[in-house]
Amino acid sequence: DPSVLRKTIDSVNEWVNRDLNVGVYLVGAANKQVIYDKLVRRVFGALDKAEEILSKQRYICGDRLTEADLRLFSTLIRFDSVYYTLFHCNMKLLREYKHLSGYMREIYQTPGVENTVNMEHIKSIYMKFRRDNNPRRIIPIGPSVDLLSPPDRDHLTGNMY
């Protein structure tokens with residue numbers, strides 16, 4: 001019963017939305033160095049927080065997949081290919097986070113999720129239409145993100161439902 005986790009889900013959604021989902025866009029729109037520096041540190045503080053949580057548990061709110069995981073996944077799946085380069089969220093690549101990158105791959109490999117993700121489409125939409133960040137509208141070839149490699153999370157308890 002996910003209602004038991006409602007407070008936890010709401011709390012996680014609050015910081016994930018503020019510091020990551022919206023945070024990457026704020027970094028990309030920063031027009032002063034001091035603003036960029038503050039915002040990019042907030043994004044990576046949230047990534048560090050999620051990495052720590054996911055080092056101890058399978059999902060962001062505990063041992064079952066929730067709405068909060070899907071909200072976090074939507075930013076993580078785009079991170080290395082879009083936010084790292086286009087929005088200058090480049091203190092670290094997501095693949096440098098052992099637990100976050102494994103978590104992202106595990107959710108991607110969940111039945112029914114892979115067919116909802118089209119990385120070429122994601123990259124082309126961002127690169128073509130974010131003219132303020134990419135005035136020449138060049139779509140980079142890389143990076144190549146191996147979404148099908150083993151997530152290496154079998155040591156954690158929990159399940160999808």
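How far apart should the ends of helix α4 (residues 67-86) be at 1.5 Å a residue, and how far apart are its end C-alpha atoms? In this predicted model, the 20 residues of α4 should span 28 Å, and the end C-alpha atoms are separated by 27 Å, which agrees. A bend of about 80° is nevertheless assigned to α4 at F79. After α4 comes H88, a residue with positive phi, near 60°.

The overall architecture is helical. The protein contains 6 helices and 0 strands, and its elements follow the pattern α-α-α-α-α-α along the sequence. Of its 161 residues, 45% are counted as buried. When contacts between residues at least 6 apart in sequence are considered, 75% of them join residues at least 24 apart.

Helix α1 (residues 6-21) does not reach the span of a straight helix. For its 16 residues, a straight helix would reach 22 Å at 1.5 Å a residue, but the end C-alpha atoms of α1 are only 20 Å apart. The buried residues of α1 are I9, V12, N13, W15, V16, D19, L20 and N21. An α-helix has 3.6 residues a turn, so residues three or four places apart point the same way. The packing partners of the buried α1 residues are α2 (23-29), α3 and α4.

Helix α2 includes V24. The relative accessibility of V24 is 0%, so V24 counts as buried, the cut-off for that class being under 20%. Beyond its neighbours within four places in sequence, V24 touches V43, T75, F79, Y83, F87 and C89. One of these contacts is with F79, the residue at which α4 bends. V24 and F79 are 55 residues apart in sequence, and their C-alpha atoms are 8.9 Å apart in space. C89, another contact of V24, is itself buried, because its relative accessibility is 0%. C61 is also classed as buried, because its relative accessible area is 8%. The structure holds 0 disulfides.

Two packed helices are described by the angle between their axes and the distance between the axes. For helix α3 (residues 33-54) and helix α5 (residues 98-108), the axes come within 8 Å and cross at roughly 75°. The crossing therefore makes α3 roughly perpendicular to α5, as angles of 65 to 115 degrees are placed in that class. On the α3 side, the residues that meet α5 are L47, A50, E51 and L54. Their counterparts in α5 are K98, H99, L100 and Y103.

Helix α5 also contains E106. With a relative accessibility of 15%, E106 is counted as buried. Apart from neighbours within four places in sequence, the residues in contact with E106 are R58, P151 and R153. Of the pair E106 and P151, the C-alpha atoms are 5.3 Å apart in space, although 45 residues separate the two in sequence.

The segment after α6 (119-129) includes D152, as well as P143. D152 has a positive phi, near 55°, and is a residue other than glycine. Its relative accessible area is 51%, so D152 is exposed, the cut-off for that class being over 50%. P143 has a relative accessibility of 26% and therefore counts as partly exposed. Outside its neighbours within four places in sequence, P143 is in contact with D80, S81 and R95. P143 and V82 are 61 residues apart along the chain, with 9.3 Å between their C-alpha atoms.

A positive phi is also found at H88, again in a residue other than glycine, with a value near 60°. H88 is located in the loop between α4 and α5. Its relative accessible area of 40% makes H88 partly exposed.

Conventions
Residues numbered from 1 in each chain as written. Predicted model: local features only at pLDDT ≥ 70, side-chain atom pairs only at ≥ 80, totals over all residues. Heavy atoms only, no water. Helix = DSSP H or I, 4+ residues; strand = E, 2+ residues; numbered from the N terminus. Expected span 1.5 Å × (residues − 1). Bend = angle between axes of the 7 residues up to and from the residue. Disulfide = S-S within 2.5 Å. Buried < 20%, exposed > 50% of the residue type's maximum accessible area, 1.4 Å probe, protein only. Axes fitted to C-alpha atoms, helices over the stretch in contact; angles between N-to-C directions. Parallel < 35°, antiparallel > 145°, perpendicular 65-115°, else oblique. Contact = heavy atoms within 4.5 Å.
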